[in-house]
Amino acid sequence: MSQIQTNKMTNWRWVMCAMLFAATTVNYMDRQVLSLTWKDFISKDFNWTDDDYGTITAVFSIFYAFISLFAGKFIDWMGTKKGYIWAIVIWSLGACLHAACGWATLNLANSGWFGENVVKGTLIFTSISVYLFLACRIVLAMGEAGNFPAAIKVTAEYFPKKDRAYATSMFNAGSSVGALAAPLTIPILAAAMGWEMSFIIIGAIGFIWAAAWAFMYEHPHESKNVNEAELNYINSDNQQEETATATTTDSNDFKLSFGECFTYRQTWAFIVGKALTDGVWWFFLFWAPAYFSELGYPSNTFTGQMLIFVLYLIVTVLSIYGGYLPKLFVENKGMNPYAGRMRAMLIFAFLPIFAMFAQPLASTSVWLPCIIIGLAGAGHQAWSANLYSTIGDMFPKSAIATITGIGTMFGGLGSFLINKGSGMLFTYAEGQGDAFTFFGVTGKPAGYMIIFCYCAVAYLIAWTLMKTLVPKYKPIVKE
């Protein structure tokens with residue numbers, strides 16, 4: 001073990017947190033390229049409907065969910081360093097492959113495989129393009145499913161429990177920053193160089209991150225950048241059970257089989273929290289650009305870009321403090337980490353309630369739904385940072401990525417339902433026109449109203465169920 005021995009504690013754990021932030025930023029930028037280009041660029045080439053786009057995002061969600069079930073176990077087996085590299089290389093490759101979909105659609109349409117040459121604009125031509133994009137989204141999902149299990153595992157390795165929610169909120173802010181940077185870069189790239197280049201340029205960033213991670217990451221007990229003082233702080237949860245020089249194993253770090261994970265109420269509490277709320281965030285992420293385009297501000301206009309930018313600026317600024325609140329409860333109120341986290345999550349669960357007012361206020365000013373969705377998104381990100389940290393509170397480190405993957409799978413299932421359901425609902429509502437009503441709103445806006453109402457109450461329902469399953473702090477211990 002090679003370490004720098006100094007009296008002053010090093011802060012390499014925050015460098016690792018910065019790397020997680022960068023990876024999460026890239027993760028969400030790659031995910032956002034399609035949502036910012038389909039309505040105003042790609043659909044013009046392939047005549048996509050809302051239902052087509054809903055199918056693509058839903059299939060991404062379902063494969064993300066399926067792969068997440070195994071991604072966490074893969075990260076635990078492969079190790080944080082190699083597992084993270086595999087994840088980001090695969091998703092970056094998948095992101096870049098989207099650029100070939102236009103070329104591949106034209107060649108398949110003219111190949112004779114479908115009888116006569118398929119004319120651009122026909123249903124078959126559109127279907128070919130949809131299936132090709134689906135294939136690329138599947139590759140993207142395979143890689144992206146590894147991001148959060150790996151990041152949460154790194155956080156548990158490098159931070160004591162009291163700091164994990166704050167560290168998680170810091171790196172999880174990358175999802176907001178990625179969504180923040182996306183509207184300022186992707187539509188401009190698509191307009192100047194074509195939508196294909198926007199996928200290639202954004203996707204290539206991930207390969208650079210993977211090279212840096214391979215060079216920088218080591219387990220804290222093996223890192224030359226972590227001195228004894230920082231190592232002791234990282235392991236302060238077990239300080240009474242460790243020697244003056246921290247050992248390389250957690251005193252309660254035992255193995256759980258995949259099946260055993262499902263026997264604990266703590267696992268199901270995490271599952272419920274993810275399943276009911278992840279879809280809300282993904283709905284905002286995938287549909288907000290299209291929603292503002294429906295209001296008359298497409299993503300290739302300055303106002304459309306500013307609306308998305310301001311929305312995620314609100315999310316970014318407010319959500320960072322989400323991980324700090326439970327730390328205050330722990331340090332100032334003397335609460336255990338789990339109790340502090342649950343109290344903070346209850347507070348954050350009330351922010352999305354404003355979402356039910358987004359559609360009614362859109363007729364007053366487009367900036368009102370922008371601000372409201374931003375507040376709801378900030379509530380989600382703060383909620384999510386604390387939800388992830390409950391795993392480290394109660395499970396051994398060896399099972400953290402596995403539990404994260406299980407919960408993420410159910411979150412992906414929830415996202416599949418809301419994204420596919422939204423696409424079908426919006427297409428149906430638009431076709432029905434004034435005959436389709438909900439709370440005094442008609443047509444396609446009524447469809448948005450329905451989804452916004454679900455987003456408003458999802459977190460309070462999830463919190464109630466979680467509290468019922470695990471009323472008090474109860475860590476998993478070796479029997």
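**Asking how we know**

Author: Welcome! Val89 sits in helix 3; helices here are DSSP runs of H or I with at least four residues, numbered from the N terminus. This is a predicted model, in which local features need pLDDT of at least 70, side-chain atom pairs count only at pLDDT 80 or more, and totals for chains, interfaces and linings use all residues. Residues are numbered from 1 along each chain as its sequence is written, and side-chain values use heavy atoms, leaving out hydrogens and water.

Reader: Why is Val89 called partly exposed?

Author: Buried means under 20% relative accessible area, exposed means over 50%, and partly exposed lies in between (1.4 Å probe, protein chains only). Val89 has 30% relative accessibility, so Val89 counts as partly exposed.

Reader: What makes Cys101 buried?

Author: Its relative accessible area is 2%, and the limit for buried is under 20%, so the word fits.

Reader: How do you know that the sulfur of Cys101 is too far from the one in Cys136 for a bond?

Author: A disulfide needs two cysteine sulfur atoms within 2.5 Å. These two sulfurs are 3.5 Å apart, therefore too far for a bond. A search of the whole structure finds zero disulfides. Cys96 is in none either, with the nearest cysteine sulfur, that of Cys136, 10 Å away.

Reader: Why is Val366 called buried?

Author: Val366 has a relative accessible area of 9%, so Val366 is buried. This residue lies in the loop between helix 15 (358–361) and helix 16 (367–394).

Reader: Which residues is Val366 in contact with?

Author: Leaving aside neighbours within four places in sequence, Val366 touches Phe292, Leu295, Tyr297 and Leu307; contact means heavy atoms within 4.5 Å.

Notes. Helix = DSSP H or I, 4+ residues; strand = E, 2+ residues; numbered from the N terminus.
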